[in-house]
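User: I'd like to go through the ligand site and then the backbone oddities. Can you pull the model up?

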Amino acid sequence: MFRVHAGRVARVMTRLAIVSGGATGIGRAIAAAFAADGVDVVIVGRRAELLAASAEEINETVGTPRVRAVSADLREVDGAASVAASVSAGRAVDILVNNAGGNVAPGPAADLQGVRESWMSNVEGNVLPAVLLTHAVLPLMARPGGRIVTVTSIAAFRGPATYGGAKAALHPWTAELAVQLAPEGITANVVAPGYVPGTEFYGERMNPEFHAGRAAQNPMNRGGEVEEIAATVVHLAGPHAGFLTGQIIQINGGALLGRG
Ligand SMILES: NC(=O)c1ccc[n+]([C@@H]2O[C@H](COP(=O)([O-])OP(=O)(O)OC[C@H]3O[C@@H](n4cnc5c(N)ncnc54)[C@H](OP(=O)(O)O)[C@@H]3O)[C@@H](O)[C@H]2O)c1
């Protein structure tokens, strides 16, 4: 393992990453990429069995027990705190990936109460997991060298409104984190994916016609691979990205504001 600080590269202990939403889709690919890179990983989600199965599969692939599962609902203070509490005393967290989220609005709003529910569910489901987990873990983060990467979405630039609005809230929050944490040698960045089909994100909406329509929204005319998102997160979390902070990296096959 290596860490770069002020241009110097030093050998350090095995790094530790926390990846929220690490049992499925993009988060799982991020966890697998870290584990393959020799990083210890804590994956977090609400479904304990799924988490345990994903951790076991990744560990089998890398041939060593790198990945550990912690079940928690990150919309809740206790859930976020329990993740921080699961880290061994004295161990620094080198990497925090705020990946948990999704469009959790219950559907088109039929009335004013529905409008409220749509906003509240997406703020709770996307803003709170990132913000609460970051605040819970921040005291444990490596200084210097800590890395925070938050996964938002192309939706933050073009909607849909309540999901995109919730993801967009994480952009100025990340900018402020980057400024506040720069003196401590911690970076904070955003990765904003476009259409990535190899996930649970689209649920029952996914079918060949839906896929073709989504793919056609970018000039590459395809969906992104979860590994393509993970590769950028790994770079942002790596030792050579110490001067890269406060940025929003879009990975979307060239889609711009919904125009292919
Ligand atoms: N797929 C895309 O096209 C796409 C595009 C742009 C952005 N994104 C973003 O990418 C991120 C990863 O999503 P994905 O596409 O990989 O979909 P996914 O397979 O549905 O992954 C979302 C993960 O987040 C976890 N999660 C959700 N709410 C949570 C909570 N309150 N507490 C703890 N864990 C929670 C889920 O596990 P549990 O349900 O077990 O908790 C699940 O493992 C999300 O933030 C999503 O908004 C996805």
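User: Which atom of the ligand lies 3.4 Å from a backbone N or O atom of glycine 194?
Analyst: An oxygen atom. Keep in mind that this is a predicted model.

User: What about tyrosine 163, how far is its side chain from an oxygen atom of the ligand?
Analyst: An N or O atom in the tyrosine 163 side chain is 2.6 Å from a ligand oxygen.

User: And which residue has a polar backbone atom 3.0 Å from a nitrogen atom of the ligand?
Analyst: That is leucine 74.

User: Is the ligand mostly covered or mostly open?
Analyst: On its own the ligand has 880 Å² of accessible area, and the protein covers 94% of that.

User: Which residues come nearest?
Analyst: Thr24, Arg46, Arg47, Tyr163 and Tyr202, out of 28 residues around the ligand. By type, the shell has eleven nonpolar, eleven polar and six charged residues.

User: Which helices supply at least two residues of that shell?
Analyst: α1 (25-36) and α6 (161-181) each do.

User: Switching to the backbone. Where are the cis peptide bonds to proline 144 and proline 160?
Analyst: One joins arginine 143 to proline 144, with omega about 0°. Proline 144 sits in the loop between α4 (112-137) and β7 (147-151). Another joins glycine 159 to proline 160, with omega about 10°, and proline 160 is in the loop between α5 (155-158) and α6.

User: What is the phi of asparagine 221?
Analyst: Positive, about 55°, although asparagine 221 is not a glycine. Its place is the loop between α7 (208-215) and α8 (226-236).

Note on methods. Residues are numbered from 1 along each chain as its sequence is written. This is a predicted model: local features need pLDDT of at least 70, side-chain atom pairs count only at pLDDT 80 or more; totals for chains, interfaces and linings use all residues. Side-chain values use heavy atoms; hydrogens and water are left out. A residue is near a molecule or strand if one of its heavy atoms lies within 4 Å of it. A polar contact is a pair of N or O atoms within 3.5 Å; within protein, one must be able to donate a hydrogen and the other to accept it, and residues adjacent in sequence count only if both atoms are side-chain atoms. Accessible areas come from the Shrake-Rupley method with a 1.4 Å probe; for residues, only the protein chains shown count as cover. Helices (H or I, at least four residues) and strands (E, at least two) are DSSP runs, numbered from the N terminus. Ala, Val, Leu, Ile, Met, Phe, Trp, Tyr, Cys and Pro count as nonpolar, Asp, Glu, Lys and Arg as charged, and the others, Gly among them, as polar.
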